[in-house]
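Please take a moment with the sequence and the model before reading on. The paragraphs below lead through the strands, then the helices, and finally the surroundings of the ligand.

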Amino acid sequence: MKNTTRDYRHIQFCEGHSKVDIPQLVALFNSAAIWAKNRKIEDLEIAIANSNPVVSVWDHKTMIGFGRATSDCVYRGTIWDIVIHPNYQGGGLGRKLVETILSNPRMCHVERIYLMTTHQQNFYKRIGFEHNQTTTMILHNQPIEGEIELTTRNQPSLLAR
Ligand SMILES: CC(C)(COP(=O)(O)OP(=O)(O)OC[C@H]1O[C@@H](n2cnc3c(N)ncnc32)[C@H](O)[C@@H]1OP(=O)(O)O)[C@@H](O)C(=O)NCCC(=O)NCCS
């Protein structure tokens, strides 16, 4: 599991929506993220625009990792789409990626941080996450007919589309 042969000191962790290269993200998901294969570029752009923090991991000009979160900054935050390219796994980059997200000001004061994972419980346990079987339910949402415009006083539209 542990990759001790490679030097990752030059690898950069970049925060921000604008840093993400969407075509490279699609390729990264297709190589390593079963749940995110074949996502459409236009949908990914919306998901990223509505996430904060967003962190991408770079080996020079190649994006080799990605993760994002949503947060209310106080009570609840959720981590999404954590991925490190298979050629770079096992060298501590996944841990650093999650820790970078957790240390962001929008996440570091949040009371509870959630994540959904099918196979990587042991990875997250190493970072401090615990099993939680009491609070998990899911709604497989159905498309709503027509369009609902979400607005707040200061923000004309919550949807980036
Ligand atoms: C899960 C993933 C992000 C881990 O990234 P990584 O760079 O390989 O992980 P790291 O090298 O930083 O590992 C951190 C720690 O977790 C441990 N670990 C990593 N993967 C593990 C696994 N599958 N089972 C048990 N322990 C694991 C490491 O041994 C290391 O332990 P240590 O810090 O005590 O030495 C990466 O394997 C990946 O992208 N997988 C495919 C996508 C995926 O499943 N993402 C998670 C979706 S919820």
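**From strand to strand**

In β3, the residue that Val 55 has as its bridge partner is Gly 67. The model in which this pairing is found is a predicted one. Val 55 also takes part in a pairing with β1, for within β2 it is the bridge partner of Glu 15. These bridges belong to two antiparallel pairings, since β1 and β2 are paired in the antiparallel sense over 4 bridges, while β2 and β3 run antiparallel and are joined by 6 bridges. Between β2 and β3 the chain forms a hairpin with 2 residues between the strands, and in that hairpin His 60 takes a positive phi near 55°.

To place these strands in the whole, it helps to step back to the protein chain, which holds 4 helices and 5 strands and follows the pattern β-α-α-β-β-β-α-β-α when read along the sequence. Of its 161 residues, 19% are buried. Among the contacts in the chain with a separation of 6 or more, 60% are accounted for by residues 24 or more positions apart.

Strand β3, which spans residues 62-71, continues with β4, and the two pair in the antiparallel sense over 6 bridges. One of the residues to look for here is Ala 69, whose bridge partner in β4 is Ile 79. The hairpin of β3 and β4 has 4 residues between the strands, and Cys 73 takes a positive phi near 75° in it.

Arg 68, which also lies in strand β3, deserves a closer look: is it buried or exposed? Arg 68 counts as buried because it has 21 C-beta neighbours inside 10 Å. Apart from its neighbours within four places in sequence, Arg 68 is in contact with Ile 48, Ser 51, Pro 53, Val 54, Trp 80 and Asp 81. Its C-alpha atom is separated by 8.6 Å from that of Thr 78, which is 10 residues apart from Arg 68 along the chain.

A contrasting case is found in helix α2 (residues 41-49), where Ala 49 has its place. Ala 49 is partly exposed, because 13 other C-beta atoms lie within 10 Å. Although Ala 49 and His 17 are 32 residues apart along the chain, their C-alpha atoms are separated by 6.5 Å.

**Across α3 to the last strand**

The pairing of β4 with strand β5 (residues 112-115) is in the parallel sense and runs over 4 bridges, and in β5 the bridge partner of Arg 76 is Arg 112. To go from β4 to β5 the chain crosses through α3, and this β-α-β crossover is right-handed.

Within α3 the buried residues are Leu 93, Gly 94, Leu 97, Val 98 and Ile 101. They lie on the same side of α3 because they cover an arc of only 135° around the axis. The elements that cover these buried residues include β1 (12-15), β2 (54-59), β3, β4 and α4.

**Around the ligand**

Which residues come nearest to the ligand? Of the 19 residues around it, these are Gln 89, Gly 94, Arg 95, Thr 117 and Asn 122. The elements that give two or more residues to this shell are β4 (76-84), α3 (93-102) and α4 (121-127). By kind, the residues of the shell divide into 8 nonpolar, 8 polar and 3 charged. Gly 94 thus appears twice in this account, as one of the residues that come nearest to the ligand and as one of the buried residues of α3.

Note on methods: Residues are numbered from 1 along each chain as its sequence is written. This is a predicted model: local features need pLDDT of at least 70, side-chain atom pairs count only at pLDDT 80 or more; totals for chains, interfaces and linings use all residues. A residue is near a molecule or strand if its C-beta atom, placed from the backbone, lies within 6 Å of it. Ala, Val, Leu, Ile, Met, Phe, Trp, Tyr, Cys and Pro count as nonpolar, Asp, Glu, Lys and Arg as charged, and the others, Gly among them, as polar. Two strands pair if DSSP finds at least two bridges between them. A crossover is right-handed if, with the strands pointing away from the viewer, the path from the first strand over the helix to the second runs clockwise. A residue is buried if 20 or more other C-beta atoms lie within 10 Å of its own, exposed if 12 or fewer, and partly exposed in between; C-beta atoms are placed from the backbone. The arc is that of the directions from the helix axis to the C-beta atoms. Two residues are in contact if their C-beta atoms, placed from the backbone, lie within 7 Å.
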